[in-house]
Amino acid sequence: MPRLSTLTLLKVIIVFGVLLIIGGHTLLVTDSFRDYFGIYSFMIGAVCIALGLIMSLPTKIYLTILLMRNEGKESKFK
């Protein structure tokens, strides 16, 4: 996979992970969702937040490492 498409894919995964975190939080604070699902609403909200964290954190670390490598290469040649 070319580097540009890999970076684009990682950025999409980060955005989707953040959206899952926001959606999970929204599910936890919404009263009508809690009334409809009962105790399972907490589990659904927690799963959304957990999946969002799992998706966003490793990709952020990988993108940070790539950024550090690129800055290291650029500063060598200056």
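## Overall fold

Read along the sequence, this predicted model follows the pattern α-α-α. The protein holds 3 helices and 0 strands. Its radius of gyration is 18 Å, whereas the globule rule gives 12 Å for 78 residues; the value is well over that figure, so the protein is more spread out than a compact globule. The C-alpha trace spans about 60 × 20 × 15 Å along the principal axes.

Of the contacts with a separation of 6 or more, 65% are between residues 24 or more positions apart.

## Burial and surface

Buried residues account for 18% of the 78 residues. The exposed area of the protein comes to about 6000 Å², and carbon and sulfur atoms supply 74% of it.

## Nonpolar patch

Part of the surface forms a nonpolar patch of about 760 Å², made by Y36, F37, I39, Y40, F42, M43 and I44. Two helices, α2 (31–37) and α3 (40–76), each supply at least two of the patch residues. The most comes from α3, which gives 4 residues.

I39 sits in the loop between α2 and α3. Its relative accessibility is 55%, and I39 counts as exposed because the cut-off for that class is over 50%. Y36, another member of the patch, also counts as exposed, at 67% relative accessibility. F37 belongs to the patch too, but with a relative accessible area of 35% it is partly exposed.

## Aromatic pairs

The structure contains 2 aromatic pairs. In one of them, the ring centres of F33 and F37 are 4.8 Å apart and the planes meet at 50 degrees, so the pair is tilted. Both residues lie in helix α2, with F33 and F37 4 residues apart, about one turn of the helix. F33 is buried, at a relative accessible area of 16%, while F37 is partly exposed, at 35%.

F37 also pairs with Y36: the ring centres are 5.0 Å apart and the planes are at 90 degrees, so this pair is edge-to-face. The ring pairs thus link F33, Y36 and F37 into a cluster. Within that cluster, Y36 and F37 are also residues of the nonpolar patch. The cluster includes a buried residue, F33, a partly exposed residue, F37, and an exposed residue, Y36.

Notes
Residues numbered from 1 in each chain as written. Predicted model: local features only at pLDDT ≥ 70, side-chain atom pairs only at ≥ 80, totals over all residues. Heavy atoms only, no water. Patch = residues over 30% accessible without salt bridge, like charges linked within 9 Å, V, L, I, M, F, W, Y side chains within 5 Å. Areas by Shrake-Rupley, 256 points an atom, 1.4 Å probe, with all protein chains shown as cover. Salt bridge = Lys/Arg side-chain N within 4 Å of Asp/Glu carboxyl O. Buried < 20%, exposed > 50% of the residue type's maximum accessible area, 1.4 Å probe, protein only. Phe/Tyr/Trp six-rings, centres within 6.5 Å; stacked < 30°, edge-to-face > 60°. Rg over C-alpha atoms; globule rule 2.2 N^0.38 Å. Contact = heavy atoms within 4.5 Å.
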